[in-house]
Amino acid sequence: MSADDWVLHVDLDQFIAAVEVARHPELRGKPVVVGGNGDPSERAVVATASYEAREFGIQSGMPLRTAAKRCPDAVFLPVDKEAYEEVSERVMATLRSFPVVVEVIGWDEAFVGARVTDPEALAADIRARVAAETGMSCAVGIGDNKVRAKIATGFAKPGGIYRLTRANWVAVMADRPTDALWGIGRKTAKKLADAGLTTVRDLGTADPDDLAARFGPTMGPWYRLLAQGAGDTEVTATPYLARSRSRETTFQTDLDDRASVDAQVSALAARVAEDVLAEGRPAVRIGVKVRFKPFLTYTRSLTLPAPTSDRAEIERAALSLLDRFEWTRPVRLLGVRAEFNRDE
């Protein structure tokens, strides 16, 4: 990369909630929660919440009933996938109207590769044009690679611009906890803390051989590089490919017998198989998620003997995974996931 090569990460603010507010302007400024069928008396989880709702502690993945208890005055709306996809496509088309390379990585975010002398000016232009043409607000992180650009966006939210590069990496990140890094979640952060590595500085200066021994020859050294801000600099316009397809169902009445569970998993697997066929890419791995009463969630998965789009094979694999769970509690949610080859 030259000194004028930059990676920008564009992230739409509270995307799903923002789409709903754009459709229903009367909801602006109110706590809005999107999830399930929009009925907080039913079993479902929060897909997203507006900033006003987040002030009450409402977060994605939280049961709608819990969200309603925390904010009884919140407006609850059903998930409308088609509407979100339509707005997302318009946003990405807007990004492509600039002389840049756009790499879509989800409904609400994309990397932008650009050769400019003033990346903040480009970021401001992107924010303005996205707002004018789609009504959506976005935050833009600027970096000298994807990792730093992605992390920078967290400092830019909501609706701002932030630059994070090698020059200010240590000053900004060194004393932060390890889960401030893109790619390290709470579970991994806990394992790192158990090894005495609680900050980004600790991890970035750790002995690579010790990390390899503790976390494996691939992941251990990679964690260290991540803590140093290392990352990919190439932004590619290769079309976004989903890593998986999944279907799940939350039951309004708990399932308390294995026959019912088997029937529901078979039905979900059939739907996933249809999605896999429509995707035009064979599944290489199948996963099953089970949420037991009251809210205990477990997953099991297996690699298929060979890639397949065959319904019977996908269903057979999903059903076989059920034997890996302990059926001691009623079931409130079931899910089936098919994963694709990431190298495709």
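Which elements do the buried residues of α13 pack against? The close-ups below start there, in what is a predicted model.

**View 1. Helix α13 and the elements around it.**
Helix α13 runs over residues 311–321, and its buried residues are Ile 314, Ala 317, Ala 318 and Leu 321. Look down the axis of α13 and these buried residues fall within an arc of 95°, so they line one face of the helix. What they pack against is α12 (258–279), β10 (283–292), β11 (296–308) and β12 (331–340). At the N-terminal end of α13, Asp 310 does the capping, with a side-chain oxygen 3.1 Å from the backbone nitrogen of Ala 312. Leu 321 also turns up in a nonpolar core of 27 residues, along with residues that include Ala 283, Phe 292 and Val 331.

**View 2. Tyr 84 and Trp 107, an edge-to-face pair.**
The whole structure holds eight aromatic pairs. In this one, the rings of Tyr 84 and Trp 107 sit 5.8 Å apart, centre to centre, with 70° between the planes. Tyr 84 belongs to helix α4 (residues 81–96) and Trp 107 to the loop between β5 (101–106) and β6 (109–115), so the pair ties together parts that are 23 residues apart in sequence. Is Tyr 84 buried or exposed? Tyr 84 counts as buried, at 0% relative accessibility, whereas Trp 107 is partly exposed, with a relative accessible area of 32%.

**View 3. Phe 111 and Trp 182, a tilted pair.**
Here the ring centres are 6.0 Å apart and the planes make an angle of 55°. This pair links distant parts of the chain, 71 residues apart: Phe 111 is in strand β6, while Trp 182 is in the loop between α7 (169–173) and α8 (186–194). Phe 111 is buried, at a relative accessible area of 2%; Trp 182 is partly exposed, at 36%.

**View 4. An aromatic cluster, and charges over rings.**
Phe 292, Tyr 298, Phe 325 and Trp 327 are joined into a cluster by ring pairs. Phe 292 does double duty, as it is also part of the 27-residue core. For a charge over a ring, find Arg 291: its charged end sits over Phe 295, 4.3 Å from the ring centre. Elsewhere, Arg 129 lies over the face of Phe 98, at 3.8 Å from the ring centre.

**View 5. The largest nonpolar core.**
How many residues does the largest nonpolar core have? It has 34, and those with the most contacts inside it are Leu 8, Phe 15, Leu 95, Ile 126, Val 130 and Met 136. At least two residues each come from β1 (5–12), α1 (15–23), β2 (32–34), α4, β5, β6, α5 (119–134) and β7 (138–143). Helix α4 gives the largest share, six residues. Zoom in on Leu 95 and, setting aside neighbours within four places in sequence, you'll find contacts with Val 10, Val 100, Val 102, Ala 110, Val 112, Ile 126 and Val 130. The core of 27 residues seen in the earlier views is a second, separate one.

**View 6. Backbone oddities in three loops.**
Most residues other than glycine have a negative phi, and most peptide bonds are trans. Lys 157 and Pro 158 are joined by a cis peptide bond, with omega about -10°, and Pro 158 is found in the loop between α6 (146–156) and β8 (161–164). Another cis bond runs from Lys 293 to Pro 294, with omega near 5°; Pro 294 is in the loop between β10 and β11. Gln 14 has a positive phi, near 35°, and lies in the loop between β1 and α1.

**View 7. The two ends of helix α10.**
Helix α10 covers residues 208–215, and at its start a side-chain oxygen of Asp 207 reaches to within 2.7 Å of the backbone nitrogen of Asp 209. After α10 comes Gly 216, with a positive phi near 100°.

**View 8. Lys 190 on helix α8.**
Lys 190 counts as exposed, at 54% relative accessibility. From Lys 190 to Ala 114 the C-alpha to C-alpha distance is 37 Å, and the two are 76 residues apart in sequence.

Conventions. Residues are numbered from 1 along each chain as its sequence is written. This is a predicted model: local features need pLDDT of at least 70, side-chain atom pairs count only at pLDDT 80 or more; totals for chains, interfaces and linings use all residues. Side-chain values use heavy atoms; hydrogens and water are left out. Buried means under 20% relative accessible area, exposed over 50%, partly exposed in between (1.4 Å probe, protein chains only). Helices (H or I, at least four residues) and strands (E, at least two) are DSSP runs, numbered from the N terminus. The arc is that of the directions from the helix axis to the C-beta atoms. Contact means heavy atoms within 4.5 Å. A polar contact is a pair of N or O atoms within 3.5 Å; within protein, one must be able to donate a hydrogen and the other to accept it, and residues adjacent in sequence count only if both atoms are side-chain atoms. Rings of Phe, Tyr and Trp (its six-membered ring) pair if their centres lie within 6.5 Å; planes under 30 degrees apart count as stacked, over 60 as edge-to-face and the rest as tilted. A charge sits over a ring if NZ of Lys or CZ of Arg is within 6 Å of the ring centre and within 35 degrees of the ring normal. A nonpolar core is a set of buried Ala, Val, Leu, Ile, Met, Phe, Trp, Tyr and Cys residues joined through side-chain atoms within 4.5 Å.
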